[in-house]
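Here are a few friendly notes to read alongside the structure. They follow one small group of charged side chains.

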Amino acid sequence: MITGYGFKGLELAADKFERHMIKQIKRVVSETAEMMVSQMKALAPVDDGNLKSSIDITYAKGGLTAIVNVGAMYGIYVEFGTGIYSSTGNGRKDPWVYYKNGRYYFTRGMQPQPFFYPSLEVATKHFASEMNKLG
């Protein structure tokens with residue numbers, strides 16, 4: 001009998017192939033997440049640097065899932081804008097005054113400064129391309 005053939009050999013080959021594919025998928029997930037975070041940090045506007053420094057990655061399910069997080073609570077307002085400039089169209093319609101650092105400010109809102117969704121679009125294309133290469 002020739003070794004390496006038969007049910008046991010096929011089972012070993014399938015296990016080896018599975019481990020190789022999982023390793024490659026983890027590489028693609030990690031590469032894509034790192035690319036997205038890098039792009040987000042490049043696009044994020046900087047005032048005090050809090051938004052940019054709050055962007056991070058958490059890996060779950062043994063590295064097969066990456067969660068990109070924006071820790072700054074105001075990130076959504078930067079992404080979509082506020083007031084009359086809100087890209088969703090449901091921002092506040094009347095002007096308002098707020099107090100910050102010893103001064104009062106009058107505003108109608110803030111223009112959107114997208115950093116998350118443009119990065120997600122680039123990352124999605126990269127992920128799909130790399131996964132297609134794996135077969």
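1. Let's begin with a question: is Lys133 buried or exposed? Lys133 counts as exposed, with a relative accessibility of 62%. Please keep in mind that this is a predicted model.

2. Lys133 has a partner in Glu130: the two form a salt bridge whose closest N and O atoms are 3.0 Å apart. Both residues belong to helix 4, and a spacing of three residues puts them about one turn of the helix apart. Glu130, in contrast to its exposed partner, counts as buried because its relative accessibility of 13% is under the 20% cut-off.

3. Glu130 also forms a salt bridge with Arg27, and here the closest N and O atoms are 4.0 Å apart. This pair connects distant parts of the chain, as Arg27 sits in helix 1 and Glu130 in helix 4 (residues 116-134), 103 residues apart.

4. Now follow Arg27 along its own helix. Arg27 forms a salt bridge with Glu31, with 3.4 Å between the closest N and O atoms. The two are four residues apart in helix 1 (residues 6-43), so about one helical turn separates them. Arg27 is partly exposed at 33% relative accessibility, and Glu31 is likewise partly exposed at 31%.

5. Why can such pairs form? Side chains of opposite charge can pair when their charged atoms come close.

6. To put the pieces together, Arg27, Glu31, Glu130 and Lys133 are linked in a network of salt bridges. If you would like to explore further, the structure holds six salt bridges.

Note on methods. Residues are numbered from 1 along each chain as its sequence is written. This is a predicted model: local features need pLDDT of at least 70, side-chain atom pairs count only at pLDDT 80 or more; totals for chains, interfaces and linings use all residues. Side-chain values use heavy atoms; hydrogens and water are left out. A salt bridge is a side-chain nitrogen of Lys or Arg within 4 Å of a carboxyl oxygen of Asp or Glu. Buried means under 20% relative accessible area, exposed over 50%, partly exposed in between (1.4 Å probe, protein chains only).
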